[in-house]
Amino acid sequence: MIVFLDFDGVTHSTPCQVDALFGRLPLIEAVLREFETPRIVISSSWRVVHSLGALREFFSPDLAARVIGVTPVMEAERLDEHWLPNPSQHFERQWECETWMQEHRPRGTPWLAIDDRPYWFAPQCPHVLVTDPGSGFQPDDAPRLRAMIEERL
């Protein structure tokens with residue numbers, strides 16, 4: 001099971017004061033600790049400016065060990081004259097998640113994404129837990145995350 005994790009609007013509100021960055025991450029980590037199998041892939045735009053090692057440092061040590069990668073940045077590929085459109089091209093984050101899954105996991109591996117931008121995913125996408133960008137992941141989101149993981153295990 002893969003959990004694609006956005007940062008802005010999920011692990012903290014958008015906008016966010018520096019001292020509040022990643023303030024909601026402990027709530028997400030608490031739910032993930034309940035399960036052994038979920039691995040984390042960073043889908044946040046932070047992946048463009050921070051190394052995987054630097055991204056892991058935002059997590060508690062036990063969960064940092066579960067951070068296994070980052071989604072590809074697809075924008076550059078769109079400029080390639082040989083690029084063929086993917087069916088989910090209008091839903092960039094979903095496209096990045098699906099591409100990562102195709103490259104790194106067997107077909108049928110369960111996944112979900114925690115993100116604050118539903119328009120980056122197909123309408124009614126069953127794989128996305130949408131958070132309120134103004135507050136980030138909240139205690140009320142924890143049961144939804146838990147249920148989504150349980151459905152996929």
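Which residues point one way from strand β1, which point the other way, and are they buried or exposed? In this predicted model, strand β1 spans residues 2-5, with I2 and F4 directed to one side and V3 and L5 to the other. All of these residues are buried. In a regular strand, side chains alternate between the two faces of the sheet.

Strand β1 pairs with two further strands. Strand β2, residues 39-42, runs parallel to β1 and is joined to it by four bridges; within this pairing, F4 has V41 of β2 as its bridge partner. The connection between β1 and β2 involves helix α1, residues 25-33, and the three elements form a right-handed β-α-β unit. Strand β4, residues 111-115, also pairs with β1 in the parallel sense, again over four bridges. Here the bridge partner of I2 is W111 of β4.

Strand β4 is itself mostly covered, five of its five residues being buried. This burial extends to both faces: W111, A113 and D115 lie on one side, and L112 and I114 on the other. Strand β4 is further joined to strand β5, residues 128-130, through three bridges in a parallel arrangement, in which A113 stands opposite V128 of β5.

The largest nonpolar core comprises 27 residues, among which L5, I28, F59, I114 and L145 touch the most other members. At least two residues of this core are supplied by each of β1, α1, β2, α3 (61-64), β4 and α6 (141-152). The contacts of F59 illustrate the surroundings of one of these core members. Beyond its neighbours within four places in sequence, F59 is in contact with L5, F7, L25, E29, I40, I42, A64 and V67. A second, separate core contains eleven residues, including F4, W100, W111 and C125.

The two cores can also be related to the strand faces described above. On β1, L5 points the other way from F4; L5 is a member of the largest core, whereas F4 belongs to the second. On β4, W111 and I114 lie on opposite sides, with I114 in the largest core and W111 in the second.

Conventions. Residues are numbered from 1 along each chain as its sequence is written. This is a predicted model: local features need pLDDT of at least 70, side-chain atom pairs count only at pLDDT 80 or more; totals for chains, interfaces and linings use all residues. Side-chain values use heavy atoms; hydrogens and water are left out. Buried means under 20% relative accessible area, exposed over 50%, partly exposed in between (1.4 Å probe, protein chains only). Two strands pair if DSSP finds at least two bridges between them. A crossover is right-handed if, with the strands pointing away from the viewer, the path from the first strand over the helix to the second runs clockwise. A nonpolar core is a set of buried Ala, Val, Leu, Ile, Met, Phe, Trp, Tyr and Cys residues joined through side-chain atoms within 4.5 Å. Contact means heavy atoms within 4.5 Å.
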